[in-house]
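Hi,

Here is the structure I said I would pass along. Have a look at it first, and my notes on what turned up are underneath.

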Amino acid sequence: ILSLLVLLSAMWVASAADAAIIVGRISNVEGQIYRYMDADESWVAISLQSPAGTKDILETGDESKAEIAFPNDQMVRLDESTEIEILNLDDDIGEFSLHSGLARFYNKSSTGKFLIKTARGTATVEPGGVIDVQADKQSVTVSAVHGEAHFHSYQNGAENVEIISGTTSLAFK
């Protein structure tokens, strides 16, 4: 009976570890960064080392920049007046919605990928890739800084475009 209990507890611990929640941290701030609070529909200032996780909506202020580091070897840098929502985080994917502004996505993971949703389409960043995405309601511009990315555009019959570092930025309107 004791052996059976030890075996079951080991299985429970292993399954709990597999279901770990990934939470990032605000690793750098120049100026202000805010978190949207659903309860009272307000924006609250947050600071260095504040947690950032699934379902958080973050926004940088005017003349502000921030960096969010995640334990799955992914990082996001937000330029001034940028709003982003964290949709999903796990070992294999970091999924975000860039509402407006400019963000740089660093995928240092060896296996995971980024999925960045915008009003005009979705960018995918493969392991080792770094891209800039600038978005608003009318357009999105994607630039591969390092490695490659793909952009699946919602316009013109849902085209899929490969973006390779060293090429010009691609704008979708």
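A quick definition to start with: two strands count as paired if DSSP finds at least two bridges between them. With that in hand, strand β2 and strand β3 (residues 42-46) pair in the antiparallel sense over five bridges. Please keep in mind throughout that this is a predicted model.

First, the overall picture. The protein chain has 173 residues, and buried residues make up 40% of them. Its secondary structure comes to one helix and 16 strands, so expect to be talking about strands for most of this email. If you take the contacts between residues at least 6 apart in sequence, 41% of them join residues at least 24 apart.

Back to β2 and β3. They form a hairpin with four residues between them, and I33 stands opposite I46 in β3. E41, in the turn of that hairpin, has a positive phi of about 50 degrees. That caught my eye because most residues other than glycine have a negative phi. Two loop residues go the same way in sign: D73 has a positive phi of about 65 degrees without being a glycine, and S81, not a glycine either, has a positive phi of about 55 degrees. You'll find D73 in the loop between β6 and β7, where it is partly exposed at 46% relative accessible area. S81 sits in the loop between β7 and β8 (83-89) and is partly exposed too, with 35% relative accessibility.

Now the charged pairs. How many salt bridges does the count come to? Five, and here are some of them.

R35 and D56 meet through their side chains in a salt bridge, 3.5 Å from N to O. The pair links distant parts of the chain, 21 residues apart: R35 is in strand β2 (residues 33-37), and D56 is in the loop between β4 (51-52) and β5 (57-60). Are these two residues buried or exposed? Both R35 and D56 are buried. For R35 the relative accessibility is 13%, and the cut-off for buried is under 20%, so it qualifies. Leaving out residues up to four places away in sequence, R35 touches S42, W43, V44, I46, P51, A52, D56, I57 and L58.

R77 and E67 also meet in a salt bridge, at 2.4 Å from N to O. This one joins strand β7 (residues 74-78), home of R77, to strand β6 (residues 65-70), where E67 lies, and the two residues are ten apart. Here the partners differ in exposure: R77 is partly exposed at 38% relative accessible area, while E67 counts as buried at 13%.

Then there is D132 with R104, whose closest N and O atoms are 2.6 Å apart. D132 lies in strand β12 (residues 130-135) and R104 in strand β9 (residues 93-107), so this salt bridge ties together parts that are 28 residues apart in sequence. D132 counts as buried at 17% relative accessibility, and R104 as partly exposed at 28%.

On to the nonpolar side. In soluble globular proteins, nonpolar side chains tend to be buried together. The largest nonpolar core in this model has 30 residues, and the members that touch the most others are L58, V76, I84, F96, F105, I116 and I131. Which strand gives this core its largest share? That is β9, with four residues.

The rings deserve a look as well. There are five aromatic pairs by the count. One of them is F105 with F114, an edge-to-face pair at 5.3 Å centre to centre and 70 degrees between the planes. F105 is buried with a relative accessible area of 0%, and F114 is buried with 0% too. Ring pairs link F70, F96, F105 and F114 into a cluster.

F105 is a good residue to click on, given that it belongs to both that cluster and the list of core members with the most contacts. Setting aside neighbours within four places in sequence, F105 is in contact with M75, V76, I84, F96, F114, I116, G129, V130, I131 and V133.

That's what I have for now.

Cheers

How values were computed:
Residues are numbered from 1 along each chain as its sequence is written. This is a predicted model: local features need pLDDT of at least 70, side-chain atom pairs count only at pLDDT 80 or more; totals for chains, interfaces and linings use all residues. Side-chain values use heavy atoms; hydrogens and water are left out. A salt bridge is a side-chain nitrogen of Lys or Arg within 4 Å of a carboxyl oxygen of Asp or Glu. Buried means under 20% relative accessible area, exposed over 50%, partly exposed in between (1.4 Å probe, protein chains only). Rings of Phe, Tyr and Trp (its six-membered ring) pair if their centres lie within 6.5 Å; planes under 30 degrees apart count as stacked, over 60 as edge-to-face and the rest as tilted. A nonpolar core is a set of buried Ala, Val, Leu, Ile, Met, Phe, Trp, Tyr and Cys residues joined through side-chain atoms within 4.5 Å. Contact means heavy atoms within 4.5 Å.
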